[in-house]
Amino acid sequence: LKPRQIKGVPGFSQGPLPAPLLFDMDDEGENEFVSEQVNEIVKNAITKTLGTAQYNKDRVNAWSTQIVDDTLKELAKLNKPFKYVVTSIIMQKNGTPLHTGLSLYWDTKTDGVTCVQVGTDTMDCITTVFACMI
């Protein structure tokens, strides 16, 4: 096997290619990152955790932890070949804007990311899921 050239990085290669994976045609989509499916999991975790609660700075850490943990537990149940990273931000609505950004250097054919924003009357929650195929 020859090393694979990484696009956009002259002279840099990534070790030998792994042996191809064999899938039945019916199994092909089972190992893909499906953002709609992940978005639903995240929305459910946020709704379950925050419900109709009012912003409370003393509960933000517990809420964030609960959202991340619930999301990871549900993602694990999908039994897909991914490593996941989940982040969650909860911010009080007070007129101050929040700007976020991300940049990724990975294989867009196998890896995925999705970001879900849910707002209540008193707070906004932004949860991001990164999935890297293993």
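**Close-ups of a predicted model**

**View 1. The β4–β5 hairpin.** Strand β4 (residues 112–119) runs antiparallel to β5, and eight bridges hold the pairing on record here. This is a predicted model, so take every close-up below in that spirit. Just three residues sit between the two strands of this hairpin. For a handy place to start looking, find Gly112: its opposite number in β5 is Ala131.

**View 2. Val129 and its surroundings.** Which residues does Val129 touch once its neighbours within four places in sequence are left aside? The list runs Val38, Val42, Thr71, Leu75, Tyr84, Val85, Val86, Gly112, Val113 and Thr114. Gly112 thus turns up again here as a contact of Val129, having already appeared opposite Ala131.

**View 3. The largest nonpolar core.** Val129 also belongs to the largest nonpolar core, a set of 20 residues. Along with Ile46, Leu50, Leu75 and Ile90, Val129 is listed among those with the most contacts inside this core. Which elements give two or more residues to the core? They are α1, α2 (60–77), β3 and β5 (123–133). As a general backdrop, nonpolar side chains in soluble globular proteins tend to be buried together.

**View 4. Phe33 meets Phe82.** Searching the whole structure turns up two aromatic pairs. In one of them, the ring centres of Phe33 and Phe82 are 6.1 Å apart and the planes make an angle of 75°, so this pair counts as edge-to-face. The pair bridges distant parts of the chain, with 49 residues separating the partners: Phe33 lies in the loop between β2 (13–16) and α1 (35–50), while Phe82 is in strand β3 (residues 82–92). Both Phe33 and Phe82 are buried.

**View 5. Tyr84 joins in.** Phe82 also pairs with Tyr84, this time in a tilted arrangement, at 5.9 Å centre to centre and 45° between the planes. Put the ring pairs together and you get a cluster of Phe33, Phe82 and Tyr84. How buried is Phe82 in terms of relative accessible area? The value is 7%. Tyr84 has a relative accessibility of 19%, and since the buried class takes in anything under 20%, Tyr84 counts as buried.

**View 6. Cysteines without a bond.** The disulfide count for this model is zero. Cys125 is in no disulfide, and the nearest cysteine sulfur, belonging to Cys115, is 9.4 Å away. Is Cys125 buried or exposed? Cys125 is buried, at 0% relative accessibility. Cys132, by contrast, is partly exposed at 33%.

How values were computed:
Residues numbered from 1 in each chain as written. Predicted model: local features only at pLDDT ≥ 70, side-chain atom pairs only at ≥ 80, totals over all residues. Heavy atoms only, no water. Phe/Tyr/Trp six-rings, centres within 6.5 Å; stacked < 30°, edge-to-face > 60°. Helix = DSSP H or I, 4+ residues; strand = E, 2+ residues; numbered from the N terminus. Buried < 20%, exposed > 50% of the residue type's maximum accessible area, 1.4 Å probe, protein only. Core = buried A, V, L, I, M, F, W, Y, C linked by side-chain atoms within 4.5 Å. Contact = heavy atoms within 4.5 Å. Pairing = 2+ DSSP bridges. Disulfide = S-S within 2.5 Å.
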